[in-house]
Amino acid sequence: MNLLVIAVFLPALVGVVALASRHALRGAVAARAGVAVSIVSLVLLAAVWATRDAAAFAGEVDVRWIDAIGVRWHLGIDGISFPLTLMTAFLSALTCWSLIDDAPQEQTPDDPAEPSPDPEQSVVMLVVLVLVIQSAALGVFSALDLIVFFIFFELALVPMWFVINRWGDPHDREGRRVAATRFLLFTVLGSALMLVGFIAIALSAGSLQIPELAAQSPVLTGTVPLLGAVAIAVGLAVKAPVWPLHIWLPDAHSAAPTVGSVLLAGVFLKLGTYGLIRVLVAIAPEPSATLAPYLATFAVVGIIYASLACLRQSDLKRLIAYSSVGHMGFVVLGVATMSPVGIAAAVYASVAHGLITGMLFFHAGGLKRRYGSATFAVLGRGLYARAPWLAVSFAFAAIASLGLPGLAGFWGEMLSLRSAYEVGPVLDRGLAWTLLGVAAVGVVLTSAYVVVMLRRLVQGVPTPDDRDLDLTGEVRSEVGISVLLVASIVVLGLAPGLLVGVIEPSLPAVLGGGR
Amino acid sequence: MIDWDLAGAPLVVAIGAVVALMLDAFIGARSWRWPSLAGGVALGLAGLELLGPRGPDGLGLGLSLVIVLGTLMVLLSAAVMDHEDSMPPGELHFLLLASAAGAMCMVVARDFVTLIVALELLSLPSIAMVGLRRADIGAARGAWTFFLVSVVSTAVTLMGISLVYGFTGSLGFAEVLSRLGDSTAPDRAVVAAVVITVVGLLFKIGAVPFHMWIPDTYRGASIPVAAYLSVVSKAGAVGALVLVLGVPFGGYAAAWAPMIAVVAALTMTVGNIGALVQRDAVGVLAWSSIAQAGFILAPMVALGVAGGARAAVQYLAIYAVANLVAFTMIGLVRRRWGGTTFRHLTGLARRDPLGGACLSLALLTLAGFPPAVIGLVAKYAVLRPVVEAGYGWLALVMAVNVALGLAYYLPMMARILSQEGDEITVVEPSPSPPHAVGVARTSMVLGTLALVATSAYPDLILVPMR
């Protein structure tokens, strides 16, 4: 059996087994199994990549599935998707690790009327959902058939809704329900639009296979493909998210539990940006070229909007959530140039953002668990003095997030700005350079809010709190996760060639080099 | 001339109806088993006859199979009512099978008279079934509403048919098609006749603005009867609509297609909004079945050009299985826990893991969400002809409604899977529960297995329904 298929389905399979035997499992055991299966999945993906041959896609499977509507069971990974699959498996291994000795967050001191279910069961269920989400995301990144892509895309939604709805902010029951439902409605509406777009494209081109669509000649032109591309773009823009369709995001990210926030920021948003590359730019280049200026403009507006919003946040998790909108703006700007540099920037920035924002959310979640809230007012000042290692680690992630050279975040943003400078094949020079200028202002504003955040949180006169003591008794997984993430952020920052070398060979096929 | 190859299967079911009634009359003691057995055998024979070499082909076969299997599942799930003294088993099975025979005739009708007779044979027994529970004011009210709507809609259809007869001098579908083409009647008058004829059928499907009878009737009816109305009765009406729009009125697609598109859009939107505010499982399923009717109607805008009829039947078949599983489980909940409100559903999966899983999968199928891949494929199947026929706006409305649908299916599922919930005492009024409950559960599990199998291999259901 194909290794890629195993890598995609193994997590969900283990999840289902854990679900069936949940009464016999302890939470920590399930979480360890989750770590193990994620690592196995990661190793399998690496093996698929290492044993690739000259074909465009590694580990390609292509068998008949639904003859009645022409759907094929078609999976494979290339240089665009491989880094994202690795990141997904890595992040879900870390989230499972954080659940091993993470005290269950379900106890609800605020609401005595709410019965608190068995905490062990609760952890097992959470691990199951993480594993299903992991499988769904790996499926999206490796799908090469539009309908298979869509099925995996949707499969991730319902588990995430449960994660936010049931394990979200224990102090705001109503808030997390509203956040979960808004997240669901926005993304489902987006993906339903995307399905309509897929149908329009598939009817015009007569195929559902992504490689065939990407290599077809002559390229699709005309009204129907253009409308289809608009529908796909809007659907993915909700997911990415592109301003002004981001409004579901801050609530969902801040109400979600730590694992939910990490997976939302690290993996979910990438489904949107990866989709923009794989099922918009690659399969409908001509309509995408028409849409590119609008996408680029919205992306840059999003960068400015998000950094201004970040300056005004009083809640750490909301701040990180808004900062994601800004970072995704750089990614979408890169995609919208439709140039090799831009696409490489998008993939690089996606991976870097997944690692860095994942790390920020791990720490924000840790703080929230200890203090019961993530608002600056409750967290207080001077974490350097109160919890040295945590403050240093957090500050490292924050500085990586602002794009300091030598860390992973730098290369994505730098390449994205460079792609705007080089204009690319579809944008107009005046527009591209205007956007470049505005995005550069965004970079400055990003630095500003990160510095303000650090000033408010880790520096200043310490405001001791009797819960500070907990911070010294660090949870083992927190240290481990932090070390691994720091290492990967530094490696990607110092040796960008590692990742660019993987991405580069696949760029021509995505941008129509095969034609 | 009677085409016995086509009339055979409905006739077998009709004979089964009479046998069921007679068995009940002659056995004396109130027994659920014998009428039920007679009905099951009749449906099984009818199914064999349909699949035999001389049965109908194409859409007629697909729709007849949906009707036969749907009725069989209703018949099995109706066993949960065997403890209710107010529910007479002989009459129930007689009416159920008679009505199913009507539906089976309706989908293979080739002229308007057969269509109307079959429509009456479908409607009148189902009205009686709604009001069958003795000394139940809700049932009487539901039956009364249903009766009025049925009579009015049949009268309207008859009026349309008489106009058509006036223009063409014929009642056969094929003749009407050819004669309408070269008739000298004013175009506008023909369009009016077409619209009036179709309106009657839209009543039956429960399309907006003719949907108001559905919530009342479903709530008044017993749960298996509501399941019957939502699936078998609807399948008959869908079949008739596809036939009538496709064959005799095929030349006037430009006139009716926009109307169908608007009605479909309204139906799914109103149905979904109605379902959002319900606090009772039967209410949710009643309104959601209105919304689903909109999804079934939508591909009919492309009857001629893009395989719209096939898509409508494929969607109907998938919807039928999922809806019957859901209704069967709700019937079981009512029997075991005494009600169907959301309070009774909360924590259902903890009390009954298998039932909770089946109901959740059925809801996901109706919503069109993985892991119920088949539901998603069904949505794709109906969206595709709509896009192909150039109804972009309708496709957008459908996309919005997919999201709206999830907004109530998913919270309902979350309730079922919830770890919380009040302790609900088991009310098991019948002295002999296991047998009847077991029968209903078996049919539910088989239905769920069908959903699982078709999710893995959607061709299993898509190919036979072509």
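User: I understand that a residue counts as buried under 20% relative accessible area, as exposed over 50% and as partly exposed in between (1.4 Å probe, protein chains only). Into which class does Arg72(A) fall?

Analyst: At 27% relative accessibility, Arg72(A) is partly exposed. The model is predicted: local features require pLDDT of at least 70 and side-chain atom pairs pLDDT 80 or more, whereas totals for chains, interfaces and linings use all residues. Residues are numbered from 1 along each chain as its sequence is written, chains are lettered from A and ligands numbered from 1 in the order in which they are written, and side-chain values use heavy atoms, with hydrogens and water left out.

User: With which residue does Arg72(A) form a salt bridge?

Analyst: A salt bridge requires a side-chain nitrogen of Lys or Arg within 4 Å of a carboxyl oxygen of Asp or Glu. The partner of Arg72(A) is Asp62(A), with an N to O distance of 2.7 Å. Arg72(A) belongs to strand 2 (residues 71-77) of chain A and Asp62(A) to strand 1 (residues 58-66) of chain A, so the bridge ties together parts ten residues apart in sequence. Strands are DSSP runs of E with at least two residues, helices are runs of H or I with at least four, and both are numbered from the N terminus. Asp62(A) is partly exposed as well, at 36% relative accessible area.

User: How many salt bridges does the rule find over all chains?

Analyst: The count is twelve over all chains. One of the pairs is Arg369(A) with Glu478(A), at 3.9 Å from N to O. This pair links distant parts of the chain, 109 residues apart, with Arg369(A) in helix 14 of chain A and Glu478(A) in helix 21 (residues 476-494) of chain A. Arg369(A) is partly exposed at 30% relative accessibility, whereas Glu478(A) is buried at 9%. In chain B, the side chains of Arg133(B) and Asp136(B) meet at 3.7 Å, N to O; Arg133(B) is buried at 12% and Asp136(B) is partly exposed at 25%. In addition, Arg182(A), Asp251(A) and Arg318(A) are linked in a network of salt bridges.

User: How many helices and strands does chain A have?

Analyst: Chain A has 23 helices and two strands. Its radius of gyration, taken over C-alpha atoms, is 22 Å, close to the 24 Å from the globule rule (2.2 Å times the number of residues to the power 0.38) for 515 residues, so chain A is as compact as a globular protein of that length. The C-alpha trace spans about 70 × 55 × 40 Å along the principal axes of chain A. Of the 515 residues in chain A, 63% are buried. Contact means heavy atoms within 4.5 Å; among contacts in chain A between residues at least 6 apart in sequence, 83% join residues at least 24 apart.

User: Which peptide bond in chain A is cis, and where does Pro241(A) lie?

Analyst: As a general guide, most peptide bonds are trans, and most residues other than glycine have a negative phi. The bond from Ala240(A) to Pro241(A) is cis, with omega near -10°, and Pro241(A) lies in the loop between helix 9 (223-239) and helix 10 (249-255) of chain A. In chain B, a cis bond joins Val208(B) and Pro209(B), with omega about 5°; Pro209(B) is in the loop between helix 8 (187-205) and helix 9 (213-220) of chain B.

User: Is Met338(A), whose phi is near 55°, buried or exposed?

Analyst: Met338(A) is buried, with a relative accessible area of 9%. It occupies the loop between helix 13 (316-337) and helix 14 (340-371) of chain A. Val423(A) also has a positive phi, of about 70°; it sits in the loop between helix 18 (408-421) and helix 19 (429-457) of chain A and is buried at 8% relative accessibility.

User: How many residues does each chain give to the contact between chain B and chain A?

Analyst: Chain B gives 35 residues and chain A gives 31. The buried area, meaning the accessible area (1.4 Å probe) that two parts lose on being put together, summed over both, is about 3000 Å², and carbon and sulfur atoms give 80% of it. The elements giving two or more residues to the side of chain B that touches chain A are helix 17 (373-388), helix 18 (392-417), helix 19 (433-456) and helix 20 (459-462) of chain B. Helix 18 of chain B provides the largest share, 13 residues. Across this interface the rule finds zero salt bridges.
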